[in-house]
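Thank you all for coming. I would like to talk through one chain today, starting with its surface and then moving to its rings.

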Amino acid sequence: MTLTSPPDSTATAPPQRRTGRWIDDWNPEDEAFWEAEGSKIARRNLIWSIFSEHLGFSVWLIWSVSSAFLLAQGFEFTAQQLFFLVAIPNLVGSLLRVPYTLMVGKVGGRNWTMISASLLLVPTLLFAWAVTNPSTPYWAFCLIAATAGFGGGNFSSSMANINFFYPTAKKGAALGLNAAGGNIGVAIIQLLLPIIVGGAGLFGIVQASDGGIHLERAAWVYAGLAVAATVAAYFFMDNLGTAKTDTRSQLSVMKNKQTWIMAFLYIGTFGSFIGYSAAMPLLIKLNFWVPDPSPLGTGIYFAYYAFLGALVGSITRPLGGWLADKYGGAKVTLGAFIGLITSTALVLWTLMQLTPNPNASVTIAEDNKSWFPLFLFFFLLVFASTGIGNGSTYKMIPAIFKTEASRIGEHGSPERAAAVANSTKRASAAIGIIGAVGAVGGFLIPITFSSPWVTAPMEATKTAFLIFTVFYMVCATVTWAVYLRKPAAARAATSYAGVGI
């Protein structure tokens with residue numbers, strides 16, 4: 001039964017609900033409503049959204065670190081096969097982000113959080129089965145890794161949902177926290193999986209298990225957490241009736257060139273974050289910790305450091321959102337790309353100092369260990385820049401669509417008022433498209449690292465970082481030209497410079 005507001009209800013009245021935890025009266029831009037009721041509800045939904053998205057990211061990247069243990073489990077895969085294995089979930093996750101975003105408007109944010117969290121049981125249970133069967137073929141691993149993409153789709157639906165809960169002035173920080181809570185799931189899985197499965201201790205403080213490696217343990221843990229997330233969403237989250245929209249209107253943002261410009265920039269920020277996160281465990285293992293002639297060796301020391309990149313990128317994301325709220329998203333995004341250019345070039349410089357093995361099959365680890373601290377430090381600067389850029393770009397998206405809406409019709413006209421009111425729905429739809437395209441970078445980066453790896457591992461790494469550095473230069477130029485460059489008078493009415501983006 002639908003509840004209706006009495007004729008004399010005000011904006012500060014408690015939100016109206018209908019069966020199934022639906023809120024039909026939601027106006028976060030009204031300060032009185034926000035202070036009286038809205039902020040508490042928004043905060044509660046944000047907390048449980050973060051929890052679900054966090055698990056999604058962990059499941060999405062479970063192959064990034066488990067792949068480095070597969071050889072110790074008795075599976076005979078090449079380095080190229082393993083890089084492809086960690087890339088597959090990123091590709092599938094990016095493709096799922098568009099339909100996941102659309103589902104928020106179709107069935108409600110709370111309802112879809114329940115569904116998407118429960119879907120994480122598919123990749124986790126299949127993972128548990130595959131790693132305990134040495135006869136599992138490579139193609140089956142690829143299919144199972146693809147289902148981990150369910151976790152990647154969670155991001156866009158979660159961000160689109162939370163975007164509806166917060167006022168424009170607070171979207172940067174809220175979306176930054178929501179995204180950071182999810183992103184840090186990458187660091188958590190990369191830190192805890194080696195400990196859970198018995199493959200490594202914690203920085204040598206806790207010793208590795210002497211009972212062998214049991215990858216299935218991690219799958220059982222995350223399957224249980226997926227059930228917990230589903231139950232939590234059922235009891236503690238809400239659907240917003242104001243978020244209801246139709247698919248055609250949501251997909252109309254694909255005709256807007258700003259959607260594609262921001263998607264391109266998001267490849268540079270989030271695509272880099274997720275791509276480097278997926279590749280980092282294998283990069284460290286292959287380049288610095290190879291104790292024998294095998295392409296991957298049997299060492300596990302990579303587990304002490306592989307999670308740090310994702311951790312840094314995650315905790316700097318809300319910083320990027322906060323800086324964007326304070327100084328403008330475009331300025332912070334430009335700064336992030338300048339940081340990416342500098343830090344990626346420094347990583348490349350470090351790699352230039354390493355000594356490749358004469359047979360070009362592996363790297364001489366002993367000669368290169370002294371360079372590892374600098375490599376790691378510069379790589380963490382790369383991750384910090386991606387985090388700041390992730391936060392600032394997601395501040396830009398709603399600001400861009402609100403700016404466009406504010407230019408429709410005359411000041412105070414019904415046309416402009418309707419356009420501004422609809423701008424949040426358009427921004428949420430754009431978030432899904434942009435998130436999907438941006439996540440493709442998570443597939444391309446591991447593939448770039450892997451192409452000629454078996455015959456020339458070091459040259460592949462150097463070439464990849466050179467390509468990435470040039471790409472960030474292009475991203476910085478686009479950010480400045482579209483959103484910061486002072487326009488000529490003829491273009492001032494359509495420029496985004498100086499309007500708080």
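Patches, as I use the word, are made of residues with over 30% relative accessible area and no salt bridge (a side-chain nitrogen of Lys or Arg within 4 Å of a carboxyl oxygen of Asp or Glu), where like charges are joined within 9 Å and nonpolar side chains (Val, Leu, Ile, Met, Phe, Trp, Tyr) within 5 Å. This is a predicted model, in which local features need pLDDT of at least 70 and side-chain atom pairs count only at pLDDT 80 or more, while totals for chains, interfaces and linings use all residues. Residues are numbered from 1 along each chain as its sequence is written, and side-chain values use heavy atoms, with hydrogens and water left out.

On the surface, Val227, Val231, Tyr234, Phe235 and Phe236 form a nonpolar patch with about 470 Å² of accessible area together, by the Shrake-Rupley method with a 1.4 Å probe, where for residues only the protein chains shown count as cover. Phe235 is found in helix H9, residues 216–236, helices being DSSP runs of H or I with at least four residues, and strands runs of E with at least two, numbered from the N terminus.

Turning to the rings, there are 40 aromatic pairs, counted for Phe, Tyr and Trp (its six-membered ring) with centres within 6.5 Å, and called stacked under 30 degrees between planes, edge-to-face over 60 and tilted for the rest. One of these is edge-to-face, Trp63 with Phe141, at 5.7 Å centre to centre and 90° between the planes. Because Trp63 lies in helix H2 and Phe141 in helix H6, the pair ties together parts that are 78 residues apart in sequence.
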